[in-house]
Amino acid sequence: MVLDVKWAVRWLTLCAQAMAENRVWLIELDRAIGDSDHGENMDRGFQAVLEKLAEAQPETPGAALKLTAMTLMSKVGGAAGPLYGTAFLRASTALGDAAEIDPGRLADALVAARDGIVARGKAESGDKTMVDAWTPAAEAAQAAAADGAGTVLGVLVAAAEAAEAGAVATEPLVARKGRASYLGERSAGHRDPGAASSALILRAAVGAAA
Amino acid sequence: MTVRLVVVSHSEKIADGAVELAAQMAPDVVILAAGGTADGRIGTSLEKVMSALDKAAGGDGVVVLTDLGSAVMTAESALELVEEPAGVLLADAPLVEGLVAAAVAAQGGADVKAVKRAAEAVYGLGPEVAAASRVLAESTVAEGSVTGSGPDFTGDFELVNEAGMHARPAAKIAGGLASLNAEVTVNGVDGASMTSLMTLAAAKGSLLHIEAWGPDAERALNYVGGLVQAGFGEP
């Protein structure tokens, strides 16, 4: 499997599909502890990404991710816009103008994405935010890439599985950042919508490479 | 040329309204609104913020004011992407009060750092203002060079707060005097008029000469003097 611009476009297309399919689920998660716009915002944002990709036809994975970053920051509207926008922007910078991505660079890009989210949102692990999906994902990706036999698919699978587990693990947590933090103890018992959509995004990356 | 301002809000109406309000007090300052999303919903849009920053470029710098969480994040993202981020500062201040203070400072020719400080100075009007209000209520004589004779009371007070006579102090003085039966002038302008007080553009260290007439003249003088000496509760 080669991670080139075609993979990147397939990934982003699968992201758009996943957001459309899970729109109602994400809205319900967000209604429980937030302002119930996450599903709608993510769906709209990734539909706009698809339009931009068709127009601009980027030539490298990094260019596709940069276009995604700018579009999400302009179209999502809620906090997820600048957070995912910064994640895709930092990942794009880490990828540079490489035509194909090797396991090490892939892990670097995922770490850069996580660092971008942390820098923008100022959340830490355990705050019940998307960081709780991205930090285990970035660490699992680094571990998989460090293994000499690591493949890009192996790195993506490790990241996606860790993100999924991280998202599930937000359920008992009490939110300390974002809109849900206003609820205090009442935020416990619900999965964080941002962690849930993060897991969907990383799962789509596997789907595009499989 | 003055410092220009950009307002980032989740709501287009809030951004437009805040700009309208501030423009009244600062007619020569370029103030741009970047509120709501491109399709008119509640939210913030990088596109709108970048476009406002673009239009604001080319002056003596730009100060950005924001409302809630993602407005701050979108503004920070935009700052990462603008070509000359050095001249663009993000103010950590309440949107409306901060914008008015920033606009008045910009109108008075303050530089970009001073405009940001003016916006942020509206935070934390604490115990000092409460103390000045007690002076008003109890009608005790404040310390300072107060001289009173007959119906006329006059006093001179030095401005000690860093930002000087900006919007918030002007509002405090004018607001308090409005409830008193007294005619008051500050350096010759009407003390009950916030906009007149701001046109004084009095900086830190300036002397304010207060004259008061009428039944509440002494209380009015003590009220203004107390506020000025306390620096309006600002650094």
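1. Let me start with Lys128(A), in what is a predicted model. Lys128(A) counts as buried because 28 other C-beta atoms sit within 10 Å of its own, and the cut-off for that label is 20 or more. You'll find Lys128(A) in the loop that joins helix 6 to helix 7 (131-146) of chain A. The backbone there deserves a look too: Lys128(A) isn't a glycine, yet its phi is positive, at about 65°. As background, most residues other than glycine have a negative phi.

2. While you're checking backbone angles, there are two more to pull up. Gln57(A), just after helix 3 of chain A, takes a positive phi of about 45°. Over in chain B, Ala201(B) also has a positive phi of about 45° without being a glycine. Ala201(B) belongs to the loop between helix 8 (194-199) and strand 9 (207-213) of chain B. Is Ala201(B) buried or partly exposed? Partly exposed, because Ala201(B) has 16 C-beta neighbours inside 10 Å.

3. Now chain A as a whole. Its secondary structure amounts to 9 helices and 0 strands, so if you read the elements from the N terminus you just get α-α-α-α-α-α-α-α-α, by the run definition used for helices and strands. The C-alpha trace covers about 45 × 40 × 25 Å along its principal axes. The radius of gyration of chain A is 16 Å, which agrees with the value near 17 Å that a compact globule of 210 residues would have. Buried residues account for 61% of those 210 residues. Of the contacts in chain A with a separation of 6 or more, 67% are between residues 24 or more positions apart.

4. On annotation: UniProt, in an unreviewed entry, lists residues 6-207 of chain A for "domain: DhaL". In the model that span is 71% helix and 0% strand, and its end C-alpha atoms lie 13 Å apart.

5. Helix 3 of chain A is worth some time in the viewer. Helix 3 covers residues 38-56, which makes 19 residues, and runs 26 Å from its first C-alpha to its last, close to the 27 Å expected at 1.5 Å a residue. Its buried residues include His38(A), Asn41(A), Asp43(A), Arg44(A), Phe46(A), Val49(A) and Leu53(A). What do the buried residues of helix 3 pack against? Their partners are helix 1 (5-21), helix 2 (23-33), helix 4 (61-75), helix 5 (80-95) and helix 9 (193-209) of chain A.

6. Another histidine to look at is His190(A), in the loop between helix 8 (152-168) and helix 9 of chain A. His190(A) is buried, given the 22 other C-beta atoms within 10 Å. Setting aside neighbours within four places in sequence, His190(A) is in contact with Leu29(A), Ala32(A), Ile33(A) and Glu171(A). For a sense of scale, the C-alpha atoms of His190(A) and Met70(A) are separated by 30 Å, with their positions 120 residues apart along the chain.

7. Next, where the chains meet. The contact involves 13 residues of chain A and 14 residues of chain B. On the chain A side, helix 4, helix 5 and helix 6 (103-121) each supply at least two residues. Helix 5 of chain A has the largest share, with 5 residues. By class, the chain A side comes to 5 nonpolar, 7 polar and 1 charged residues.

8. Chain B also has a contact of its own, between domains. The domain assignment splits chain B into domain 1 (4-120) and domain 2 (127-233). Their contact uses 9 residues from domain 1 and 8 residues from domain 2 of chain B. On the domain 1 side, helix 4 (95-107) and helix 5 (112-120) of chain B each give at least two residues, and helix 4 of chain B gives the most, with 5 residues. That side has 6 nonpolar, 1 polar and 2 charged residues.

9. Last stop: Gly231(B), in the segment after helix 9 (217-229) of chain B. Gly231(B) is partly exposed, with 18 other C-beta atoms within 10 Å. Its C-alpha is 19 Å from that of Thr154(B), a residue 77 residues away along the chain.

Conventions: Residues are numbered from 1 along each chain as its sequence is written. Chains are lettered from A and ligands numbered from 1 in the order in which they are written. This is a predicted model: local features need pLDDT of at least 70, side-chain atom pairs count only at pLDDT 80 or more; totals for chains, interfaces and linings use all residues. Domain bounds come from an automatic or database domain assignment. Two residues are in contact if their C-beta atoms, placed from the backbone, lie within 7 Å. Helices (H or I, at least four residues) and strands (E, at least two) are DSSP runs, numbered from the N terminus. Ala, Val, Leu, Ile, Met, Phe, Trp, Tyr, Cys and Pro count as nonpolar, Asp, Glu, Lys and Arg as charged, and the others, Gly among them, as polar. The expected span of a helix is 1.5 Å times one less than its number of residues. A residue is buried if 20 or more other C-beta atoms lie within 10 Å of its own, exposed if 12 or fewer, and partly exposed in between; C-beta atoms are placed from the backbone. UniProt positions are given in the numbering used here, feature names are shortened, and annotations may be inferred rather than shown by experiment. The radius of gyration is taken over C-alpha atoms; the globule rule is 2.2 Å times the number of residues to the power 0.38.
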